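Trainee: Hi, have you got a minute to go through this assembly with me? I'd like to start with how the chains are related.
Mentor: Sure, let's pull it up.

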Number of protein chains: 4
Amino acid sequence: MNIAIIGLGKMGGNMARRLARGGAKVYGFDLSAETRSKLAAEEPNFQGFDSVAKLVASLPKPRVVWLMLPAGEISENTFAELKTLLAPGDLVVDGANAMYKDSQRHAAELAEGGFRFVDAGVSGGVWGLANGYTIMLGGEKEAVAQVEPFVKLLAPAPDRGWIHCGPAGSGHYTKMVHNGIEYGMMQAFAEGFALLKAKEDFNLDLGEISEVWRHGSVIRSWLLDLIAGTLAEDTDLAGLAAYVPDSGEGRWTVLESIELGVPAPVITQALFSRFSSRGNDDFAMKLLSMMRNAFGGHAVAKQ
Amino acid sequence: MNIAIIGLGKMGGNMARRLARGGAKVYGFDLSAETRSKLAAEEPNFQGFDSVAKLVASLPKPRVVWLMLPAGEISENTFAELKTLLAPGDLVVDGANAMYKDSQRHAAELAEGGFRFVDAGVSGGVWGLANGYTIMLGGEKEAVAQVEPFVKLLAPAPDRGWIHCGPAGSGHYTKMVHNGIEYGMMQAFAEGFALLKAKEDFNLDLGEISEVWRHGSVIRSWLLDLIAGTLAEDTDLAGLAAYVPDSGEGRWTVLESIELGVPAPVITQALFSRFSSRGNDDFAMKLLSMMRNAFGGHAVAKQ
Amino acid sequence: MNIAIIGLGKMGGNMARRLARGGAKVYGFDLSAETRSKLAAEEPNFQGFDSVAKLVASLPKPRVVWLMLPAGEISENTFAELKTLLAPGDLVVDGANAMYKDSQRHAAELAEGGFRFVDAGVSGGVWGLANGYTIMLGGEKEAVAQVEPFVKLLAPAPDRGWIHCGPAGSGHYTKMVHNGIEYGMMQAFAEGFALLKAKEDFNLDLGEISEVWRHGSVIRSWLLDLIAGTLAEDTDLAGLAAYVPDSGEGRWTVLESIELGVPAPVITQALFSRFSSRGNDDFAMKLLSMMRNAFGGHAVAKQ
Amino acid sequence: MNIAIIGLGKMGGNMARRLARGGAKVYGFDLSAETRSKLAAEEPNFQGFDSVAKLVASLPKPRVVWLMLPAGEISENTFAELKTLLAPGDLVVDGANAMYKDSQRHAAELAEGGFRFVDAGVSGGVWGLANGYTIMLGGEKEAVAQVEPFVKLLAPAPDRGWIHCGPAGSGHYTKMVHNGIEYGMMQAFAEGFALLKAKEDFNLDLGEISEVWRHGSVIRSWLLDLIAGTLAEDTDLAGLAAYVPDSGEGRWTVLESIELGVPAPVITQALFSRFSSRGNDDFAMKLLSMMRNAFGGHAVAKQ
C-alpha cells in the first residue's frame, strides 16, 4: 500500500501520519525541508522527497497521488506538472478544499492523458489525526475503488465516515455544503452566546452553560463540545480580535445557492458577518451616516 | 420526595414518568382524565387529581408545584389560582417555555405572598424520558436548593446537564437563547440539504451523506443524528408540507436581540423563513410583482 | 389659530417656524432659554414660555398642544403634567417618534380626563421647514378635524402630504413603517455604492454616477438626490466614522414584524448592520474566531 | 446619423422609436416580422431587415450596431456572426443586461478583429420612451465618443442622465449595481406595505398612504410613484400571484459582493425572497418540519 501526499501542512501532515500509522507507505512532498524531516523522524512508514518529480519516480505504479494544496495557482501548477510525470492508470486525488467545478475540469483534463481522478472532501480539522476524518469522494467507480484502502485508514472506522457521493466533483460539492452548514451553525452559536453575554444583569457563566447544554439538549454537537472546552477556561475571550477570515467554502456555497436559485439566508448571513468583522462594510456604514446627516441633520461620528 | 406536575402533555407527561421512575412521588393534574389514568396505570409512584385544589390539598408541605403549561392565559390563570391555595414557603416552578420577563414578574408576584419561584428552562423533547433533560434554573439560591433533588432525577445524570443560571428569569432566558441557537442550526441544516437535493445531476443520496457526516465531521450533532435517522428511510419527504410553525422562543430571542442591540441575523432569518413558509410574505411578493410590471412591463403571474 | 409646541429641537423648532410663518400664533416651550429667545426673535407669531404651566395658562381654549419630545421619560412626564393642567375638550398631539402602542395608551389615558389625543407621524427632516412635512394622523375624526388647520400649514400643500390614517396609534404606526422602509432603502443604497467603491480597477466616480442615476433611472429618489449632493463634493467620506446610530423606529418595525409574523428580512438586516457598525457583534465574532482555532487550528487575530 | 438596433423587444423597440424620433436613421432587426413592420409603420426613420447580414450590408460605415438581446446563447451567437460581417472601425454596443465580465471578454474578442466595443447599461423600463433612459457606458474614450450622439438622444436630456463610467465592462457593472439597489428598494417597500396590510385592526388605506408619502417624506421616489399609481386602483392585488421572477442582475450583484468580500445583506435577502416566492425553499422547509417532529414530536403538516 503506497501513497503520495503532496502538501504536508496542518491537514496533509496529519493525514500522512494517520496513513503511515495505519500501515501505508507514505511518500511525502512539501516545500519545507523541516516539515519533511520532522515527519520522517516521527513515522517509520514516511519518506520525504524534495521534488515532486523524484517522488513520482520512486512511487510504485499504479500510483495514487493525494494532493493537499491550497486551491489556486499552487494547486493548478502541480496538476500541470503531474500530467508530465504520471503514467496512464495513475490516479490523482484532490483532497484539499476546491471548488467542485474545478474538480470537474481536473477530472476531464486528466482523463485526456489516461489518468484517473478522485475529488475528496475531507473534514475533521486538527482532531482528525486522533479521531479520523469524514471523507466525501467523487469520481468513477473504479477510481474510487483504487483509493478506498487509503480512505478506510483515514476515516474514523473502515466502514464508517466515508462515502462515494457520485461523479467527479460531487465529493467536493458535498464537502462544500458541509462547510456551508458549518458556517451557519457556528454563527448560530456565536449569536446565542453573544446574547447570553450581553444580558449583563444576569451575569451568566457562559462556560458552565455551554457545558450543561452538552448533556441532553437539542443543540448538543461537536462544535458545542469545543466551545465548552474553551469557555471553561476563558469566558471573556478578551485576547481575541473580532476579526474572522473566511476560506472559500462558504463563498462557494453561496455562489451555488445563487446559481441553483435555492435560498440560503442563514449561510449567507454567516458569511457576511465575517466580511463585516473585517471592516468590509465600513464604506457602506459611512454612507448611512452621511445620509442621516443629510436628511435629518443628525450628528455624525468623525474618525 | 413529593412533587406536583401540572400539565401532563408531551413534555409534562414524560417528566412525570421520569420523576416517578426515579423514586419521587408525583402528584399530577391534567384536564384530560384519560391522560391522568394512563399515567397512573403506568407509574405506581404517580397519583392523578381532577382539580388543582385537590392536588394542592393532598401534597405535603413545603410543596413543590411544577407547571408545564402553555404560556399565556392557561398559565396565568393557574398562577393566580395557586396564590389562593399555597402556603408560605411553598414553591412554584415554571418549567414550560415562557418569556423570561414574565418569569421575573411571576417571581415578584409570588414573593408578595411569601411563595418561592424557580423558572426552569427544559430541553430534550420526546427523547428526554430516556436520555434525561437539560435544565436551566433561575431563582434564589434557597429556592433552587429546594427543587434540586427533582432536577437531579430529570437531568441526564445527577451532576450533569443542569445548572443554576442566576436570578429569577435567567433560567428561561438561557433556554430562550438555547432555542434561538436551535432555530439557526436547524435552518443551516435545512439550507445545506436543500442544496444537496437541488444539485440534481449529482443524484446525491441525502440519507447516506447525513449518516457519514455523523462520524468525524465538524457538524456532527444530535440534530444531524435525527436527520440521518429520518432521511435513511425517506430522502424525498414527499409527504410533508413546506409549512413550519414557530413557537415563541425564536420570536423572543429576536426581540431580545433588538432590545440589547446585538445583531442576530442568522437566528432572525431562520425565523423569517418559517414565517414565509406559511405564506406570510405573500402580500409583499404580490407588491414586488406589481412593481416589476409597473416599471418594466414584465408579465405578472396571476392567481 | 393658536397652537402650543412643546420641544423646540431640530424638528419642533422648524415646525414652529413653519406654523408661525403660515399665520398661526405659536406658543412654545423648550428647556433652553436660548432656543426660545432665538425663535421669538425670528418669528413675530411666536411666543416663548419658561414653563409648561405658564404656556397652558396663556393658551386660549380649546387648546391644541403639540408635543415634539423624545420618547420615554421626558415625554411621559409631560403627558402626566398636562393632565393636571388641561381642560376637557383640550387636545394633545404627539408629533414625535413614539411606539404606536404607547400612543394607544396615551389616547386611552387622556380620554379618561375628557382630553382628546392625536398621534402624528411627521417625516421631512431638516428640509421640512422649506418643503413641508409629510404627516400621518391617528385619532378620532373630531380630534383630527381640530388639528387639521395646523396640519395643512405643516404639509407641503394644504391638500397634499397629510392623511388621517385611522384610530389612535395608526399615525405613529404608519410613520414607523415609513421609517422601516427608509432603513431598507438607505441600506440598499449603501450596499450598492460600497460595491461601486470596492471595484477599484474601474476607478468609478461615485458622485457622477449618483448624479446620472437621478435622471430617468428606476432608483431615482429623494435619498439619491441627497447622496448625489454629498458625493459630488466628497466621494471618499474619509472624515466619517463607520458608526451608525439607530433611533427606535427601525427597532419598532422589526418588533412589529415579529408580532405579526410577517417577514421583514431587509428592514431587519438594515438594522443589524447598524448594530454591527457600533461593534455590537464583537463578542460573536470573537467566538467564531475561537471556534475556528479550536477545530481547525486556524491562527486567530489577537487584539 | 445611422444606427442599427438588433433586438426590438420591450426595451429595444422603444429605444429604436426614441432614436428615430430624435432624428437618427434606425436600421432594425428582430426575428418577428410583425415587430419590424409595426415599427416601420410608426416611424419614418426606421427601416427593418429580415437578417443581420442584410442589415449590416445596408448600414453605412463606420457602423454602430447596438444589441438589445437576452444574455446567453442568442447574444453570443450574434456577437460571433457580427465578427464575420463587420469591418475594422465598426462598433458594437451591448445595451442589454449582461454580466460585466462577459462584456470585458467581448471587448477583447472584438478588439482582435479591429472592432470597437461599448457596454451600455440602460435603465428606464417602459417609461423610457417618454422620459428617456439612464445610460451607463463602458469602453475606450474614442469608442464612447462614436456612440455619444445616439446616447444623447436616448437620455432624458443631451447633457444629463448618461455617463462614461470607465473601461469596457464598467457600464454593465454600474448598471448591475443599480439593479441590485433596485432589488433592495423594492423589497423594502414590499415589506413595509405588507406590514401596513397585516395590521388589520387599523384598516389602513394603502393607496392613500402611498400617495401621501410621495409629498415631503424621506422615502419619496419614482418606485413609490408607481406603487401609489397602482394601489390607488387596487389595494388588495388579489389577482396577482405571490410569485416573483428574477432576471440575472440581482444574482450578479450578489456574486460580485461575494467576490469582493463586501457584504450585501439587503440586496441578497431581496433576491432570496424572490427565490422563496417561487417555492425554491420548499425542501428546506420540509426538512425543518421533519426535524421538529423528530426531536419534539410536533405534529407536521402533510401535503
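Trainee: So what turn and shift lay chain A on chain B?
Mentor: Keep in mind that this is a predicted model. A turn of 180° with a shift of 0.0 Å along the axis lays chain A on chain B, and the RMSD is 0.1 Å. That is the relation of a two-fold axis.

Trainee: Which C-alpha of chain A is nearest the axis?
Mentor: In chain A that is the C-alpha of A:Ser221, 1.9 Å from the axis.

Trainee: And through what surface do the copies meet?
Mentor: They meet through the same surface, because 100% of the interface residues of chain A are also interface residues in chain B.

Trainee: Switching to chains D and A: how much area do they bury between them?
Mentor: About 1700 Å², with 74% of it on carbon and sulfur atoms. On the chain D side, the residues that lose the most area to chain A are D:Ile258, D:Pro263 and D:Phe272, together 36% of what that side buries.

Trainee: How many residues does each chain bring to that contact?
Mentor: Chain D gives 21 residues and chain A gives 21 residues.

Trainee: What about salt bridges and polar contacts there?
Mentor: The salt bridge count between chain D and chain A is zero. Four residue pairs, both at pLDDT 80 or more, are in polar contact across that interface.

Trainee: Which helix supplies the largest share of chain D's side?
Mentor: α12(D), with seven residues. Both α11 (249-260) and α12 (265-277) of chain D supply at least two residues each.

Trainee: And by class, what is that side made of?
Mentor: Twelve nonpolar, six polar and three charged residues make up the side of chain D that touches chain A.

How values were computed. Residues numbered from 1 in each chain as written. Chains lettered and ligands numbered in written order. Predicted model: local features only at pLDDT ≥ 70, side-chain atom pairs only at ≥ 80, totals over all residues. Heavy atoms only, no water. Least-squares fit on C-alpha atoms with pLDDT ≥ 70 in both. Contact = heavy atoms within 4.5 Å. Buried area = accessible area lost by both parts, 1.4 Å probe. Salt bridge = Lys/Arg side-chain N within 4 Å of Asp/Glu carboxyl O. Polar contact = N/O pair within 3.5 Å; in protein donor to acceptor, adjacent residues only side chain to side chain. Helix = DSSP H or I, 4+ residues; strand = E, 2+ residues; numbered from the N terminus. Nonpolar A, V, L, I, M, F, W, Y, C, P; charged D, E, K, R; others polar.
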